[in-house]
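Visitor: I'd like a close look at one part of this model, with the details of how it fits in with what is around it. Could you take me through it in one go?

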Amino acid sequence: MSQAAKQDANEPTRTGLSRGALKRAVLDNLFYVMGRFPEVASASDRYSAVAYTVRDRLLERWIRTARYYKERNSRTVCYLSAEYLPGPHLLNNMLNLGITRTAGEVARELGADLAEIRETEEEPGLGNGGLGRLAACYMDSLATLQIPAIGYGIRYEFGIFDQVIVDGWQVEKGDTWLRNGNPWEIPRPKLTFPVGFGGRAEHYTDKHGVIRRRWLPDLMVNGVAYDTPIMGYGVTNGNLLRLWKSEAPESFNFQAFNVGDYYGAVHAKIEAETLSKVLYPNDEPVAGKELRLKQQYFFVSCSLQDMIRLQLRNAGTLDRFHEKYAIQLNDTHPALAIVELMRLLVDEHFMSWEQAWEITRNSCHFTNHTLLPEALETWPVALFERLLPRHLEILYEINRRFLDEVRVHFLNDEERVARMSLIDESDGRKVRMAHLAAVGSRAINGVAELHSSLLKTTIMRDFHDLWPERFHNVTNGVTPRRFMVVSNPPLADLISDTCGHADWIRDMRRLRELEAHADDAGLQGRWREVKTAAKGALSDWLGQHTGFRPDPETLFDVQAKRIHEYKRQHLNLLHIVWLYEHLKQNPNAELTPRTFIFGGKAAPGYFMAKLIIRLIHAIGEVINSDPQVNGFLRVAFMPDFNVKNGQRLYPAADLSEQISLAGKEASGTGNMKFAMNGTLTIGTLDGANIELRDEVGHDNFYLFGMTAEEVQQRQAEGYRPWELYHGDAQLRSAVDLIASGLFSHGDTELFRPITENLIHSDPFMVLADFHAYQERQQEVDRAYRDPNHWTRMSILNTARIGKFSSDRAIAEYAKKIWQIEPAPVELAD
Ligand code: NBY
């Protein structure tokens, strides 16, 4: 036996990272966990055996981390988010453990293929879009930066729906991600907290004769913890993602059973379990949905009870709760944490109001993700009161004290008092969640420079007047582990090869070292090869899943994100229609062959978004079957855009569409994922695009459109889209062609809601930006014909993208907002 083989044989099966140990472990797990022998194992069995093998190795590090944090009683970030979109775990965990290559070899030796195994994994789709994915990127960076953190959320049994396309329409299918089990989670049936709903509040006299208030709920639900380890890259630290599943308390069941109400008992159980059943598939709030408010309170209460349990165990008192925990509220969805923490401290731990408020206000921090007025969360007071009567009392008390502060600060300004109140009295009484979050937090931040500064002048203006020191900006970032190394290994290898190291993976500023090679013909050639191969792989996938295989030689122009009018997929479509007409009229026009690729889900109840998906398909159907333009123009739609499919898209794109109306997209994060993979951007001065353009260089970014200021001005003057429509022949003929029925087999009704809306109302000013967009697209067209120049710009985009690593963002949160230090864990004893 060789030296190496001997070493392998000595390595423990559950923790060793050598080839021998991994191979033994996979076979062991197949046998003892899945109960299969290799010849009859299904792809899913093989996947599970490999996943359990990786999990064992994570657990060793994770438990060591937990013990270390406990001993040090480390300050801990508690990230509260109703959504997480981590994407498939297997390859990411292999990367973080540094065993990707060995695992590939082991798979081969066992006659399996790692690529096939990875395809089997179902991703946890526990989020809608950018906000949920951001939470996952931040969990990755917290672990990598060795910052103690717990991500708290909901273990939805059904995540975001799977999108299938039938006759060009989106059809939603239930997401059954837990069907084959979930090897990454560890259920903690003993870690359960009761959560109440409804009932009433009452006075009582405690044993010291003090009159107190308490809540008597009329429904109890249990939250059970399910833990998923989140490992850092190349470090021992592993943090915890703790998701709550709702269950009926057994005692409740028995009670009903004993009085002979068997049906009632079963029904109560079903109702309790409904709480964590399904993610609401909307990327903005849906008015007054009781179950949604219940979900929010449910996960917030379990999480706070868990924090309190840990703090009492370690410190014996809650006096320094805020020194132990930095709670980050991911948008207003967990803002009830402020009221619930007050209730727990005052009602259940008998703290004075003043001390409890001091602790609460010093524990919480609030990130806002939107300026759209329709996306600001409110709850009818009546619903709030019925579900959470004691919380409403506490909220009123918070409000009373807060409004007194406002009155003292701004003498004689009752209008301002009404504007700032936690209760909107204007149109039925409503609780304003953003105001609650602002009042109860030490720090408030937006997610890009423009967004943070607009927050201060628009929706949060009064709050900024009162507490300017609470306002911050932390521009979003995304993790290069998943969006470069895992999604695009050939590019990662090429970069490491060129720079002579792989340190850029944890220090993205070092990508700048690529700049020196941007004109190097050798690098440019290899860079293009990598891109073309990724385009080929995407084409194959699209061919298999849609029947249309785009030509990888064409320019891949991609817009992938949730479908929303403010994101303006229809601006992209108008340009495509214009190009089509132009080509038909000028068959010899010099044009760069292009494939327009769309991806994205529409909220099931969002009619216009669903119609836009239908229109993408309608236009694709006509254009793709018109031989006159086929050498130059094609349209594709990637069904079921999610993290996994995104990973196929980012590496393959030449051009990324970030074309929202300025002032509407808080940040955007797709823009960063594309640019990391050497994709150029065509975009507006919106969200993080502005900073992205400043970083990559104005010459390497295709800018168009009005500024946020111009948008405001234009709106103030009175925007009249019909004048633009009548005044611009090209624009008019593009809109008219859609209205004519050409793309709908003569049906002139189908797309009318879109064309009429554009002409008569156009709330997102598609028509106003059309001309500038079209001109910039012509420039893209010309630039792509010079491959060396294009490749140079592509390399520079990657080289200068460092700022948009989530590591930078988390380092900023740690310093500016949380005041927390890394706690590195050593592996060896
Ligand atoms: O958050 C997105 C922003 O639109 C985007 O600009 C930003 O980059 C990203 C991360 O900061 N917001 C978002 O994804 N929001 C949601 O998904 C969402 C989901 C649910 C609800 C509201 C918004 N809800 O109220 O239920």
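**A close look at strand E2**

Guide: Tyrosine 79 stands opposite glycine 151 in E2, and that pair is a handy place to start. One caveat before we go on: this is a predicted model.

E2 covers residues 149-154. Its neighbour in that first pair is strand E1, residues 76-80, and the two run parallel, joined by four bridges. E2 also pairs with strand E9 (residues 238-247), again in the parallel sense, this time over five bridges. On that side, isoleucine 154 stands opposite tryptophan 244 in E9.

How many of the six residues of E2 are buried? Six of six, so the strand is mostly covered, with buried meaning under 20% relative accessible area. In a regular strand, side chains alternate between the two faces of the sheet. Here, Ala149, Gly151 and Gly153 point one way, while Ile150, Tyr152 and Ile154 point the other, and every one of them is buried.

Now slide across to E1 and look at its last residue. Leucine 80 touches Tyr152 of E2, and beyond that its contacts include Phe299, Val300, Met307, Ile327 and Leu329. Polar residues turn up as well: Ser303, Gln328 and Asn330 are among the residues touched by leucine 80. Pro334 and Ala337 are also on that list, which leaves out residues up to four places away in sequence. Nonpolar side chains tend to be buried together in soluble globular proteins. In this model the largest nonpolar core has 265 residues, and Leu80, Leu574 and Trp818 touch the most other members.

Two places before leucine 80 sits a cysteine worth a check. What about disulfides? The count comes to zero. Cysteine 78 is in none, and the nearest cysteine sulfur, in cysteine 364, is 10 Å away. Cysteine 78 is also buried, because its relative accessibility is 0%. Then there is cysteine 302. The closest cysteine sulfur to that of cysteine 302 belongs to cysteine 78, and at 14 Å the gap is too far for a bond, given that a disulfide needs the sulfurs within 2.5 Å. Cysteine 302 has a relative accessible area of 0%, so this residue counts as buried too.

Follow cysteine 364 and you reach serine 441, which touches it. Serine 441 also touches Leu329, one of the residues in contact with leucine 80, so-called common ground for the two. The other contacts of serine 441, again leaving out residues up to four places away in sequence, are Ile338, Arg361, His365, Phe366 and Arg470. This serine lies in the loop between helix H17 (433-439) and strand E15. Loop or not, serine 441 is buried, because its relative accessible area is 0%.

E15 (443-446) gives us the next step, since it helps cover the buried residues of helix H18. H18 takes in residues 449-457, and Leu450, His451, Ser452, Leu454 and Leu455 are the buried ones. The cover on those residues also includes helix H19 (461-466), strand E16 (471-473), helix H27 (689-696) and helix H28 (708-717).

For contrast with the parallel pairing at E2, take a three-stranded open sheet in the order E12-E14-E13, where the pairing is antiparallel. Strand E12 (378-380) and strand E13 (423-424) are its edges, each pairing on one side only. E13 meets strand E14 (residues 430-432) over two bridges, and aspartate 424 has lysine 430 in E14 as its bridge partner.

Another strand has both faces covered, as E2 does: in E21, Leu680 and Ile682 on one side and Thr681 and Gly683 on the other are all buried. E21 belongs to a parallel open sheet of six strands, ordered E19-E18-E17-E20-E21-E22. Strand E20 (residues 655-658) joins E21 through four bridges, with serine 656 partnered by threonine 681. On the way to the edge strand E22 (702-703), E21 makes two bridges, and isoleucine 682 has tyrosine 702 as its partner there.

One last stop, since you may want the ligand as well. It is surrounded by 20 residues, the closest being Leu131, His369, Asn476, Glu665 and Gly668. Backbone contacts to ligand oxygen atoms come from leucine 131 at 2.9 Å, proline 285 at 3.2 Å and glycine 668 at 2.8 Å.

Methods. Residues numbered from 1 in each chain as written. Predicted model: local features only at pLDDT ≥ 70, side-chain atom pairs only at ≥ 80, totals over all residues. Heavy atoms only, no water. Core = buried A, V, L, I, M, F, W, Y, C linked by side-chain atoms within 4.5 Å. Buried < 20%, exposed > 50% of the residue type's maximum accessible area, 1.4 Å probe, protein only. Contact = heavy atoms within 4.5 Å. Pairing = 2+ DSSP bridges. Near = heavy atom within 4 Å. Polar contact = N/O pair within 3.5 Å; in protein donor to acceptor, adjacent residues only side chain to side chain.
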